[in-house]
Amino acid sequence: MYSTIPIQRQWARLAHVCRALSSLEGHKLPVGRKSIDGISPPLRISRSPTDILQALAATVGVDPTAPHYKYHDDPFLIPQSNYRKRAYALSAEAGRKAATWIRDEQAHLFTTREWDPPMKMKTPYFNADPHIDAFTPRPIYNDESKVTEEDLLYTINNALLDDAIKVYQLLAASEGVNDELKLSLLQLLCFYNEKEPIGAEWLEERWFAAATRERQAATWKLGGLADKIFASMDPKTPEAYCTLIQGMAKYYQAERAHAFAQEAIEKGVPLSTGVYNSLLSCVGFLKEGTALRIEALKGLLTEMSDQGISPNADTLTACLRSISAWGGGQILQTIALQIMAEFKELKIQPSLSAYYYMLCLFCKERGQRIDILTSILTDLENRECLEASDAMDTHFFITAIGVCSDHLQDINLAERVHALLMKDDNYKLVGDAYKESIYYRHLVTVTCRHAPFEKTAQLLDMLIPNIYVPEPSVMEEIIKTLEVAGAGDRLAEVWSQLVVFGLAKRIKIVEQLLNALCQCYTYQDDEIKEKIRNAAADMLKFGQLIEEQNENRRTPTQQLSATALANIIDLCADVNDKADPSWEVVGEALGRLRSEQAVGVPDKPEILASVAKKAANIGKPGIAATALTYLAECGFEEATKACVETLGVMLNRPTDEVQTLLQEPKSALVASLHPSALVIAEAFHLAKTGAPMDSSSSDSDSDSSDSD
């Protein structure tokens with residue numbers, strides 16, 4: 001009685017398979033209201049492989065404080081500096097490149113997959129389920145290889161330029177190549193100028209590659225395979241002319257590109273809009289002088305109109321690219337505005353790269369302040385979405401935020417630029433890691449200079465350190481902002497950030513931080529004061545550690561200045577407890593001053609005088625003697641008065657009695673004074689006369705006992 005159940009299940013499965021096969025490439029076919037199993041699925045909707053992931057991600061949102069997904073989600077493994085981020089990502093990619101090299105060099109080891117289910121067909125490279133072309137070894141071609149046109153088509157479609165050239169040479173020597181494949185190979189050669197491109201799968205190498213200015217020079221390979229293939233084509237089709245002209249123009253072989261364009265026009269060969277766009281982008285190489293170049297540009301646009309060729313957004317971009325490369329000035333700016341107005345009449349929207357060239361033309365760093373960015377942002381904000389159409393589109397946002405920071409110095413415009421970048425999926429237009437770092441450098445700089453402190457603090461908390469690690473110049477701006485705001489707590493945290501970011505060895509930043517800590521120390525709470533003293537003590541210990549590590553190196557280690565050491569002494573001496581560890585730091589800093597392990601002399605010697613008096617008051621006569629001896633040896637005029645006042649505190653005597661006591665000979669003072677007090681008396685005589693009390697005496701030990 002149960003024999004019909006398996007049959008019904010099998011029919012249900014067969015019906016499910018038939019319904020799955022009823023939709024091909026998104027074509028929706030109606031499904032019956034009710035199936036055998038009682039389930040009526042809806043019509044099939046075509047989706048990409050990542051649609052579900054994107055829907056799930058939209059429900060969660062983006063955490064701006066989280067590290068990049070490429071790093072391990074472990075606090076101890078997340079890189080916190082630019083160097084470590086770069087090394088981490090490139091190291092991981094180097095492992096993948098090594099695996100790829102092994103796969104290609106030992107291709108015979110990867111012809112089958114032993115873990116495939118049994119009964120699979122063991123055809124090399126095709127037994128995987130599903131088959132993934134990227135994981136299969138690259139074919140190797142040599143002079144003994146037997147190739148077909150399919151091999152040539154495979155190398156062209158996968159942009160294997162060197163292999164495509166080798167296969168073409170083998171085919172040309174045997175059976176020849178048809179014109180369609182010749183055209184495809186010609187397009188590949190012209191696009192890459194016969195140079196093997198960097199693999200698109202190495203994202204980190206591209207992401208962390210330092211941006212270099214494009215070399216605008218003729219780099220087209222003259223007499224190369226592209227020229228030979230074009231010469232061998234008979235008849236020469238319009239596609240062949242367009243391909244060769246665009247390739248020459250792309251690599252700035254301007255004269256030959258224009259010559260071939262004139263030849264095509266004379267022969268009645270139609271040219272495409274892309275050809276004229278390429279010619280417009282290199283028109284400046286044909287003429288010398290702004291006036292002649294403008295005439296040549298207008299001539300090409302007129303020729304397009306005569307040929308009945310409609311311009312597009314790339315035409316506008318090509319015109320502005322050429323104009324911006326010719327320099328600046330009111331004439332070029334007027335021409336650019338005229339071209340923009342004409343294209344707007346044609347209902348052609350400028351791309352991001354077109355606006356980038358406009359900013360380059362109008363917003364020179366040392367030029368007149370012109371606010372063209374406001375109208376550009378208004379146009380972009382009214383668009384539904386921003387799409388990348390040119391490689392230079394990624395330069396717009398970093399240029400726009402740079403204009404806000406350096407040229408216009410406008411925080412409101414900077415906020416509009418940042419809001420536009422964060423809108424929808426626009427963040428992909430920020431570019432690679434180098435451009436991203438430049439963008440945030442300008443954003444943080446303009447925010448620190450012109451935004452309220454609350455907004456600045458919020459931005460810093462969101463960006464640092466996972467999204468952006470400040471460069472030294474930006475860190476200086478951050479320290480200035482925190483100093484003006486009196487944020488002692490945040491300033492104390494800056495020191496730990498300097499250590500983590502690898503900036504603690506930069507003496508200029510450390511000294512600026514010390515000065516900022518001293519400026520805002522007075523009006524901080526006791527808890528924050530303790531954090532500041534601990535940070536100052538760590539700075540001194542870190543400097544000593546670096547000197548010990550670099551002791552055997554030939555290059556000398558840069559040392560803290562005497563002013564920086566005086567600031568450390570000033571901060572750490574603000575304790576009333578004789579047993580506080582801060583006094584040890586004060587003693588170490590004074591010892592470095594005495595042993596000339598600092599650059600220059602303190603800017604404020606009164607700091608040391610005040611510390612000496614306080615040390616004597618709490619029972620640290622050795623520290624007081626060291627500080628006053630250093631002041632006397634450096635010849636500061638504050639030393640004389642400081643010696644008298646400090647001795648008065650130590651001996652509990654008024655100033656008049658101390659001055660009378662100091663007039664006695666050294667032999668009498670030795671018998672009546674504490675060793676530390678005697679050192680102070682010698683410092684007084686040195687500061688007053690410029691000579692020691694006794695020419696035969698030597699300097700007493702400034703680190704004498706602190707006992708009474």
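What share of the 708 residues in the chain is buried? Buried residues make up 42% of them. Keep that figure in mind as you look through the close-up views below, all taken from a predicted model.

**Figure 1. The whole chain, a structure with 32 helices and zero strands.** Welcome to the overview. The accessible surface of the chain comes to about 39900 Å², and carbon and sulfur atoms hold 52% of that area. Of the contacts with a separation of 6 or more, 68% are between residues 24 or more positions apart. The structure also holds 20 salt bridges, and some of these have views of their own further on.

**Figure 2. Tryptophan 220, a buried residue in a loop.** This view takes you to the loop between α7 (203-207) and α8 (225-232), where tryptophan 220 lies. Is tryptophan 220 buried or exposed? With a relative accessible area of 5%, tryptophan 220 is buried, because the cut-off for that word is under 20%. Setting aside residues up to four places away in sequence, tryptophan 220 touches a list of residues that includes Cys190, Asn193, Leu244, Met248, Tyr251 and Arg256. Also among them are Ala226 and Asp227. Look for tyrosine 252 as well: tryptophan 220 and tyrosine 252 are 32 residues apart in sequence, and their C-alpha atoms are 7.0 Å apart in space.

**Figure 3. Threonine 646 and its contacts in helix α29.** Helix α29 covers residues 638-651, and threonine 646 is found in this helix. The relative accessible area of threonine 646 is 1%, and the residue is buried. Which residues is threonine 646 in contact with, leaving aside its neighbours within four places in sequence? They are Ala612, Lys613, Ala616, Ala624, Leu628 and Ile680.

**Figure 4. Serine 582, a buried residue of helix α26.** Follow the chain to helix α26, made of residues 582-594, to find serine 582. Its relative accessible area is 10%, and serine 582 is buried. Once its neighbours within four places in sequence are left out, serine 582 is in contact with Arg533, Cys572 and Val575.

**Figure 5. A salt bridge between glutamate 381 and arginine 416.** Here the side chains of glutamate 381 and arginine 416 meet, at 3.0 Å from N to O. Glutamate 381 belongs to helix α16 (residues 373-381) and arginine 416 to helix α18 (residues 411-421), so the pair ties together parts that are 35 residues apart in sequence. Glutamate 381 is partly exposed, with a relative accessible area of 31%. Arginine 416 also counts as partly exposed, at 26% relative accessibility.

**Figure 6. A salt bridge between lysine 508 and glutamate 476.** In this pair, the closest N and O atoms are 3.9 Å apart. Why does the pair tie together parts that are 32 residues apart in sequence? Lysine 508 lies in helix α23 (residues 507-520), while glutamate 476 lies in helix α21 (residues 472-485), so the salt bridge joins those parts. Lysine 508 counts as exposed at 60% relative accessibility, whereas glutamate 476 is buried, with a relative accessible area of 17%.

**Figure 7. A salt bridge between glutamate 288 and arginine 293.** The side chains of these residues meet at 4.0 Å, N to O. Glutamate 288 is exposed, with a relative accessible area of 63%. Arginine 293, in turn, counts as buried at 18% relative accessibility.

**Figure 8. A negative surface patch.** Which residues form this patch? Asp525, Asp526, Glu527 and Glu530 do. Take glutamate 527 as your guide: it is found in helix α24 (residues 526-549). At 57% relative accessibility, glutamate 527 counts as exposed.

**Figure 9. A nonpolar surface patch made by Ile52, Leu53 and Leu56.** The last stop is a patch of about 330 Å². One of its residues, isoleucine 52, has its place in helix α2 (residues 51-60). Isoleucine 52 counts as exposed, at 59% relative accessibility.

Conventions:
Residues are numbered from 1 along each chain as its sequence is written. This is a predicted model: local features need pLDDT of at least 70, side-chain atom pairs count only at pLDDT 80 or more; totals for chains, interfaces and linings use all residues. Side-chain values use heavy atoms; hydrogens and water are left out. Patches are made of residues with over 30% relative accessible area and no salt bridge: like charges are joined within 9 Å, nonpolar side chains (Val, Leu, Ile, Met, Phe, Trp, Tyr) within 5 Å. Accessible areas come from the Shrake-Rupley method with a 1.4 Å probe; for residues, only the protein chains shown count as cover. Lys and Arg count as positive and Asp and Glu as negative; His and the chain ends are not counted. The place of a charge is taken as NZ of Lys, CZ of Arg, CG of Asp or CD of Glu. Helices (H or I, at least four residues) and strands (E, at least two) are DSSP runs, numbered from the N terminus. Buried means under 20% relative accessible area, exposed over 50%, partly exposed in between (1.4 Å probe, protein chains only). Contact means heavy atoms within 4.5 Å.
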